[in-house]
Amino acid sequence: SKGQSVNVRVNKKTLYKDQRNPKDANIPEVGDHVVVKAIKDGKVLLATEVHFSAAKRVPAPIPPTPVN
């Protein structure tokens, strides 16, 4: 669901795919963008794949240089 919180369970078969580094076996961090492929297992959603990447970081503004 776009823009909604959804509870999804994971298990040992859940695959994690880091879009920043596909060969690494990381897990998502707080703030990462996440797309989950899941199947319905009874009344719960079970993640089969979790694709994630870092949220776009906005650079800090550069303070103005004082003029003498």
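# Exercises on a three-stranded sheet

Lys37 lies opposite Glu49 of strand β3. This is a predicted model, so local features need pLDDT of at least 70 and side-chain atom pairs count only at pLDDT 80 or more, while totals for chains, interfaces and linings use all residues. Residues are numbered from 1 along each chain as its sequence is written, and side-chain values use heavy atoms, with hydrogens and water left out.

## Exercise 1: Elements and confidence

Task: State how many helices and strands the protein has, and which element has the lowest mean pLDDT.

Solution.
1. The protein has zero helices and three strands. Both kinds of element are DSSP runs numbered from the N terminus: helices are H or I with at least four residues, strands are E with at least two.
2. Read from the N terminus, the order of elements is β-β-β.
3. The mean pLDDT of the protein is 83, and 88% of its residues reach 70 or more; pLDDT is the predictor's confidence in each residue, from 0 to 100.
4. Among the elements, β1 has the lowest mean value, 89, and β3 the highest, 92.

## Exercise 2: Building the sheet

Task: Work out the strand order of the sheet and explain why β1 and β2 each have one side without a neighbour.

Solution.
1. Take β2 (residues 33-41) and β3 (residues 44-53): their pairing is antiparallel and runs over nine bridges. Two strands pair if DSSP finds at least two bridges between them.
2. Two of the residue pairs that join these strands are Val35 with His51 and Lys40 with Leu45.
3. The link between β2 and β3 is a hairpin with two residues between the strands, and Gly42 in its turn has a positive phi of about 75 degrees.
4. Next take β1 and β3, which pair in the parallel sense over four bridges. Here Asp18 is opposite Phe52 of β3.
5. Put together, the three strands make an open sheet in the order β1-β3-β2, with mixed pairing.
6. β1 and β2 are at the edges and have a single partner strand each, so one side of each lacks a neighbour in the sheet.
7. From one strand to the next the twist averages 20 degrees; axes are lines fitted to C-alpha atoms, and angles run from 0 to 180 degrees between N-to-C directions.

## Exercise 3: The surroundings of His51

Task: Find which side chains make polar contacts with the side chain of His51.

Solution.
1. His51 belongs to strand β3.
2. Its side chain makes a polar contact with that of Gln19 at 3.2 Å, and with that of Glu49 at 2.7 Å. A polar contact is a pair of N or O atoms within 3.5 Å; within protein, one must be able to donate a hydrogen and the other to accept it, and residues adjacent in sequence count only if both atoms are side-chain atoms.
3. Neighbours within four places in sequence aside, His51 is in contact (heavy atoms within 4.5 Å) with Lys17, Gln19, His33, Val34, Val35 and Lys37.

## Exercise 4: Buried or partly exposed?

Task: Decide whether Asp32, Val34 and Thr48 count as buried or partly exposed.

Solution.
1. Buried means under 20% relative accessible area, exposed over 50%, and partly exposed in between (1.4 Å probe, protein chains only).
2. Asp32 lies in the loop between β1 (15-18) and β2. Its relative accessibility is 11%, so Asp32 is buried.
3. The side chain of Asp32 reaches the backbone nitrogen of Glu29 at 2.9 Å. Not counting residues up to four places away in sequence, Asp32 touches Arg20, Phe52, Ser53, Ala54 and Ala55.
4. Val34, in strand β2, has 43% relative accessibility and is therefore partly exposed. Its C-alpha atom is 4.4 Å from that of Phe52, 18 residues away along the chain.
5. Thr48, in strand β3, is at 32% and therefore also partly exposed. Thr48 and Lys13 are 35 residues apart in sequence, with 6.9 Å between their C-alpha atoms.

## Exercise 5: The whole chain

Task: Give the percentage of residues that count as buried and the share of contacts made by residues 24 or more positions apart.

Solution.
1. Of the 68 residues, 15% count as buried.
2. Among contacts with a separation of 6 or more, 49% come from residues 24 or more positions apart.
3. The accessible surface is about 6400 Å², with 56% of it belonging to carbon and sulfur atoms; such areas come from the Shrake-Rupley method with a 1.4 Å probe, and for residues only the protein chains shown count as cover.
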